[in-house]
Amino acid sequence: MFKQMKHLHNLLRFAKGEQEPIIGPLKAMWEVLYICNAKCRTCDRWQETADPRTLSTAEGKNLIAQLARAGAMHLCFTGGEPLLRKDIYELIACARENKLSTSMFTNALLLNERRANELINAGLDAVYISLDGSTPELNDALRGINGYFKLASAAIENLKALRSNGRPKIFLAFTVNKANMYDLENIARLVKTRALDGLSFQPALHVPEIKYRVEDDLAFAPGDGAILQNLVNNVVKMYGDILPMGRDYYRQFAAHIDNPKSLKEHNNIAGYALAMIDPFGNIYPDPLKNAAMGNVREQSFEEIWFGRRAREVRHRIACHEHPVELFESFISMNLAVRRLNPLNLHRTLRPLLKAAEHF
């Protein structure tokens, strides 16, 4: 509980305008590798090849221990496709041994019964399985692999059958684009009917520098925001109980498409309560990876997090000089922190800290 209270104090300081944290990140996201075995039309990661510079198992475990010592509470394993790392189960177990809650984003193409058992035995808390359509035809066309929907569906059933005490929680991760936005209600219904734990969704992002590239026929155009916002509003109204993010998050879709500069109005918690780690040990404030704070092969995580370069990056973020094109610049947490004050701590503590799993 001490760590939770220190994080809450840290977030209160941020809400009052402080730029320098007194504890490590509430959440860290680690891209454990860049390669992927899907061929999604909204991502170019599948074109990557294995890179010998990727952190080794020993280096990964050392990183995890350093994150825990710095005060991190949640570690998300992402990629690429994390299951392509043979030591992923070791790394998850290491995070659990260091008392970090864990989640993982996966396309689930490799998630057979044996691997599902290994994830459960490693202690994974939540898994996000990427589906971009409620039917095999739509999903497989967008994800670029025939049979993807069938394999992901089987993975879901494996996890449901094998898990105990509701762990890991199973979420679907849906990337909304122009070709599947009218399927959003159907994917929410699928989550509900299959008794999954929730649905996470966000717009497809076009940031070629970090391999997020949306093909022209999938890209939203100015004016599409109101249409998408109406679809999102309907899903929130009908399926709000399966949506993990704060309600303010779901009100931002139109602005993201039609007026993305308005996102700069929100103070960005990236680099203050969030850290992004690439496969080679570089530490960034967020997934855009515009400014590295340091590398864990050269300094400890705490030296990086509280160091001069990190202070410079946070100053740029606070002055709105840091790009915020990425919708998942954790606007849900940003908005929650804006309302944070000592008088509502008792109502805010649990949902704010729980949101670390999702923001």
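In which helix is the place of Q229? In this predicted model, Q229 is found in helix α8, which spans residues 225-239. The legends below begin with the fold as a whole and return to Q229 in a later view.

**Figure 1. Overall composition of the predicted chain, with 14 helices and 9 strands.** The chain has 359 residues, of which 58% count as buried. Among contacts in the chain with a separation of 6 or more, 73% are accounted for by residues 24 or more positions apart.

**Figure 2. The open sheet, built from 9 strands with mixed pairing.** The strands follow the order β6-β5-β4-β3-β2-β1-β7-β8-β9. The edge positions are held by β6 (198-203) and β9 (294-295); each has a single partner strand, so one side of each has no neighbour in the sheet. Helix α2 lies across β1, β2 and β7 and runs at about 170° to β1.

**Figure 3. Strand β2 and its pairing with β1 and β3.** Strands β1 and β2 run parallel and are joined by 5 bridges, while 4 bridges join β2 to β3, also in parallel. H74 stands opposite S101 in β3, and K27 stands opposite H74 in β2. In a regular strand, side chains alternate between the two faces of the sheet. In β2, H74, C76 and T78 belong to one side and L75 and F77 to the other, and all of these residues are buried. Both faces of the strand are thus covered, with 5 of its 5 residues buried.

**Figure 4. The aromatic pair of W30 and F77.** A search of the whole structure finds 10 aromatic pairs. Such a pair of rings is described by the distance of the centres and the angle of the planes. The rings of W30 and F77 form a tilted pair, with 5.9 Å from centre to centre and 45° between the planes. This pair links distant parts of the chain, as W30 belongs to strand β1 (residues 27-31) and F77 to strand β2 (residues 74-78), 47 residues apart. Both W30 and F77 are buried.

**Figure 5. The edge-to-face pair of Y34 and F280, with R53 over the ring of F280.** The ring centres of Y34 and F280 are 5.8 Å apart, and the planes meet at 85°. Y34 is located in the loop between β1 and α2 (57-70), and F280 in the loop between β7 (274-277) and β8 (282-284); the pair therefore ties together parts that are 246 residues apart in sequence. Y34 and F280 are both buried. The ring of F280 also has the charged end of R53 sitting over it, at 4.2 Å from the ring centre.

**Figure 6. R314 over the face of W305.** The distance from R314 to the ring centre of W305 is 4.7 Å.

**Figure 7. Surroundings of Q229 in helix α8, with an aromatic cluster.** Because its relative accessibility is 10%, below the 20% limit, Q229 counts as buried. Apart from neighbours within four places in sequence, Q229 is in contact with Y250, R251, Q252, F253 and A254. A255 is 26 residues from Q229 in sequence, and the two C-alpha atoms are 8.9 Å apart in space. Y250 and F253, two of the residues in contact with Q229, are also members of a cluster in which ring pairs link F201, Y249, Y250 and F253.

**Figure 8. The buried residue N107 in the loop between β3 and α4.** The loop that holds N107 connects β3 (101-106) with α4 (113-122). N107 has a relative accessible area of 4% and is buried. The side chain of N107 reaches the backbone nitrogen of L109 at 2.9 Å. Beyond neighbours within four places in sequence, N107 is in contact with C36, N37, A38, E81, I129, S130, Y148 and A152.

**Figure 9. S134 in the loop between β4 and α5.** This loop lies between β4 (126-130) and α5 (136-143). S134 has a relative accessibility of 16% and counts as buried. With neighbours within four places in sequence set aside, the contacts of S134 are F149, D183, N186, I187 and L190.

Technical notes: Residues numbered from 1 in each chain as written. Predicted model: local features only at pLDDT ≥ 70, side-chain atom pairs only at ≥ 80, totals over all residues. Heavy atoms only, no water. Phe/Tyr/Trp six-rings, centres within 6.5 Å; stacked < 30°, edge-to-face > 60°. Helix = DSSP H or I, 4+ residues; strand = E, 2+ residues; numbered from the N terminus. Buried < 20%, exposed > 50% of the residue type's maximum accessible area, 1.4 Å probe, protein only. Lys NZ or Arg CZ within 6 Å of the ring centre and 35° of its normal. Contact = heavy atoms within 4.5 Å. Polar contact = N/O pair within 3.5 Å; in protein donor to acceptor, adjacent residues only side chain to side chain. Pairing = 2+ DSSP bridges. Axes fitted to C-alpha atoms, helices over the stretch in contact; angles between N-to-C directions.
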